[in-house]
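Reader: I'd like a close look at a single part of this model rather than a tour of everything. Choose some enclosed space, tell me what surrounds it, and then work outwards from there.

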Amino acid sequence: MSSSVETLEFQAETRQLLRLVIHSIYSNKDIFLRELISNASDALDKLRLESLTDSSLIETEPDDLHISLELDKDARTLTVRDNGIGMSRDDLVDLIGTIAKSGTASLLEKIKESKDATTAENLIGQFGVGFYSAFMVADKVTLRTRRAGTDTGTQWESDGEGAYTLQPVDNLPVGTAVTLHLKPADNEDGLADYLSEWKIRQIVKQYSDFIRWPIRMATERTDAEGESTHDVDTLNSMKALWARPRTDVTQDEYNDFYQQISHDWLAPAETIHMRAEGTFEYEALLFIPSQAPFDLFARETKRGVQLYVKRVFIMGDCDALMPNYLRFVKGVVDAHDLSLNVSREILQHDRQISSVRRRLVKKVLGAIKDMQSKDAERYANVWAQFGRALKEGLVEDADNTEALLQLVSAASTHDPEKTTTLREYVERMKDGQETIYYLTGETRAMVENSPHMEAFTAKGYEVLILTDPIDEVWVDRIQAFDGHRLQSIAKGQVDLDETANDDQETDAEKSQREKDFAALLPWLTTTLSEQVKQVRLSSRLTSSAACIVGDAHDVTPTLEKMYRAMGQQLPTVKRTLELNPAHPLVTALRTAHDANADDPALAEIAELLYGSALLAEGGDLPDPARFTRLLTDRLPHAL
């Protein structure tokens with residue numbers, strides 16, 4: 001080794017930034033190894049590329065390019081070694097001796113203004129200081145390197161405080177060796193025992209399993225007789241399926257990989273393998289599961305696909321790449337042009353990431369659409385498992401509303417077992433029908449037995465039965481499908497088509513009934529004024545005595561319950577009570593009112609009539625005890 005040693009000082013601002021990186025920024029210190037392995041992988045990539053024009057640059061066997069991890073428990077050192085392109089003295093000064101060429105002062109100011117460690121870590125992520133993360137776990141770092149095509153190597157060494165040294169070294173192999181003089185393990189400070197083979201294997205498996213170059217480590221094993229054997233193990237699988245052409249990957253390999261990343265024992269329902277080239281290159285391998293996880297609707301559920309950068313694991317739940325309503329999608333996105341230290345904050349506001357997200361969403365929705373048209377049974381299973389989550393997209397994702405509406409499948413009165421798509425509903429609509437009718441409720445039985453359903457059943461109109469909580473929200477947001485308006489049969493006026501003779505008969509009957517009920521309806525409106533805004537005759541009832549109807553934008557009883565369950569109180573909205581003029585109870589009430597409008601029992605009957613209508617639609621009685629008392633008081637008069 002030459003005695004010519006240079007000592008170079010870090011700039012003041014660089015020292016401040018380095019001190020923050022070492023002592024206070026990163027909460028997960030394991031990532032130092034990810035950074036060093038990634039640097040080694042890049043060096044191997046560069047050597048392979050440059051050797052295409054100059055084969056003499058590779059001094060070892062071309063097939064023996066690799067990364068080695070060397071543990072020395074006696075010296076307490078961990079060395080990350082590669083036989084890649086290496087660095088010259090000038091490279092060391094430019095690439096490692098200086099953390100950044102510009103912007104250091106402004107970054108420091110932002111870090112000082114940040115309120116918490118997470119914000120500071122995100123800022124460091126924007127800056128990029130991968131190599132220097134080694135000082136989080138080491139008191140001193142020694143780097144020895146020789147660039148391919150040169151004769152003399154260089155040693156760089158620093159304790160991460162104020163300076164670093166450089167000196168030439170003879171007889172170094174091509175490549176780079178980074179030796180970390182490790183700090184003692186400290187659980188309270190998040191410092192693991194990085195001399196433990198198990199810990200090193202765990203970090204490599206988590207962050208660097210798919211690096212294309214073999215990562216090797218010498219191991220010592222003791223057999224049952226106490227004899228030691230030495231082996232060299234390859235720690236990473238190197239099987240980045242997403243980087244291989246789809247024609248070279250079998251479905252069994254896809255299934256095995258899916259089970260590895262999802263911990264699901266079933267095969268996926270669909271595999272999506274895609275590659276994008278151009279200004280922003282990436283590969284994606286996505287899976288639609290066959291079965292929903294138990295925590296799909298848990299608030300604390302982590303979502304998002306795994307993000308890699310050049311096969312280096314960055315984060316396991318990158319929500320910037322997948323919207324919340326597709327949180328069930330598993331998989332990997334490997335971006336070529338991102339920094340390893342990219343933060344969640346950057347991802348959320350990056351235009352290229354937003355473009356990737358849009359394309360991934362379209363691919364997933366397109367795959368489900370293809371499933372719908374080509375494999376109805378598989379689509380039915382996917383919708384049964386994830387339809388409730390997909391419908392959240394109708395509220396959250398305006399850009400893909402039409403695509404999502406094409407996927408919607410719902411129960412209907414057309415078939416007691418099978419669901420129907422909106423397209424199939426439209427194809428079955430009666431002549432002259434322009435509206436898609438639906439009714440929301442807690443269960444299918446409750447919806448089917450609702451008084452609102454009676455006229456539609458009698459006249460053969462199909463009604464969608466929507467029982468998922470999210471249905472209460474999206475139907476208010478979506479105005480139409482394929483030019484056909486969506487209408488709740490529990491809101492507004494209903495005008496079902498009838499024959500001309502029926503129209504004439506109905507008009508005649510209506511005129512007479514308006515006269516017959518001219519006194520009762522205003523009296524009921526006044527009597528029930530605290531509960532309803534109007535009482536009117538109904539055209540939607542055939543067997544029930546009454547039903548409650550809301551205006552077009554009124555909150556349904558089911559949605560009102562949901563809000564209350566979340567602790568949100570809604571303002572009281574009065575709705576309309578509709579009466580069936582042909583029902584015996586209603587006609588008897590009219591007769592009794594005509595005979596003696598001042599009878600106090602009539603007000604109690606009116607209250608019972610309203611309460612029964614409220615219960616029939618799934619609403620809650622404001623005073624159940626009073627309703628029960630009124631009912632039990634009136635029942636003896638019917639015996």
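Author: Let's start with the second largest cavity, which has a volume of about 40 Å³. A cavity here is a set of points, on a 1 Å grid over the protein atoms alone, where a 1.4 Å probe fits but cannot get out, and lining residues have an atom within 4 Å of a point. Grid points are joined across faces, edges and corners, and the volume is the space filled by probe spheres set on the points. Bear in mind that this is a predicted model: local features need pLDDT of at least 70 and side-chain atom pairs count only at pLDDT 80 or more, while totals for chains, interfaces and linings use all residues. Residues are numbered from 1 along each chain as its sequence is written, and side-chain values use heavy atoms, with hydrogens and water left out.

Who sits around this space? The lining consists of Y438, T440, E472, V475, D476, S488, K491 and T556. Sorted by class, that gives 2 nonpolar, 3 polar and 3 charged residues; Ala, Val, Leu, Ile, Met, Phe, Trp, Tyr, Cys and Pro count as nonpolar, Asp, Glu, Lys and Arg as charged, and the others, Gly among them, as polar. Two elements, β17 and α16 (471-477), each supply at least two of these residues, and α16 gives the most, with 3. Helices (H or I, at least four residues) and strands (E, at least two) are DSSP runs, numbered from the N terminus.

Now follow β17, because it also turns up among the elements that give two or more residues to the lining of the largest cavity, together with α14 (444-448) and α19 (557-565). The count comes to 2 cavities of 30 Å³ or more, and the largest holds about 210 Å³ of space. Of its 20 lining residues, L439, T440, A490, P557 and E617 are the closest to its centre. T440 is therefore a residue to click on: it is in that central group, and the lining of the second largest cavity includes T440 too. The larger lining divides into 7 nonpolar, 8 polar and 5 charged residues.

Moving out from the cavities, β17 belongs to an open sheet of 6 strands, in the order β16-β15-β18-β17-β20-β19, with mixed pairing. Two strands pair if DSSP finds at least two bridges between them. At the edges stand β16 (415-421) and β19 (480-481), each with a single partner strand, so one side of each is left without a neighbour in the sheet. Strand β17 (residues 435-440) runs parallel to β20 (residues 484-488), and 4 bridges join the two. If you want a landmark in that pairing, I436 stands opposite L486 in β20.

How much confidence does the predictor have in all this? The protein averages a pLDDT of 85, and 89% of the residues score at least 70; pLDDT is the predictor's confidence in each residue, from 0 to 100. Residues 100-104 fall below 50, although this stretch has 8 contacts beyond near neighbours in sequence, a contact meaning heavy atoms within 4.5 Å. Residues 499-504 are below 50 as well, with 1 such contact in the model. Where pLDDT is low, the predicted coordinates should not be read in detail.

Terms used. On a 1 Å grid over the protein atoms alone, a cavity is a set of points where a 1.4 Å probe fits but cannot get out, and a pocket is an open set with protein on both sides within 12 Å along at least five of seven lines; lining residues have an atom within 4 Å of a point.
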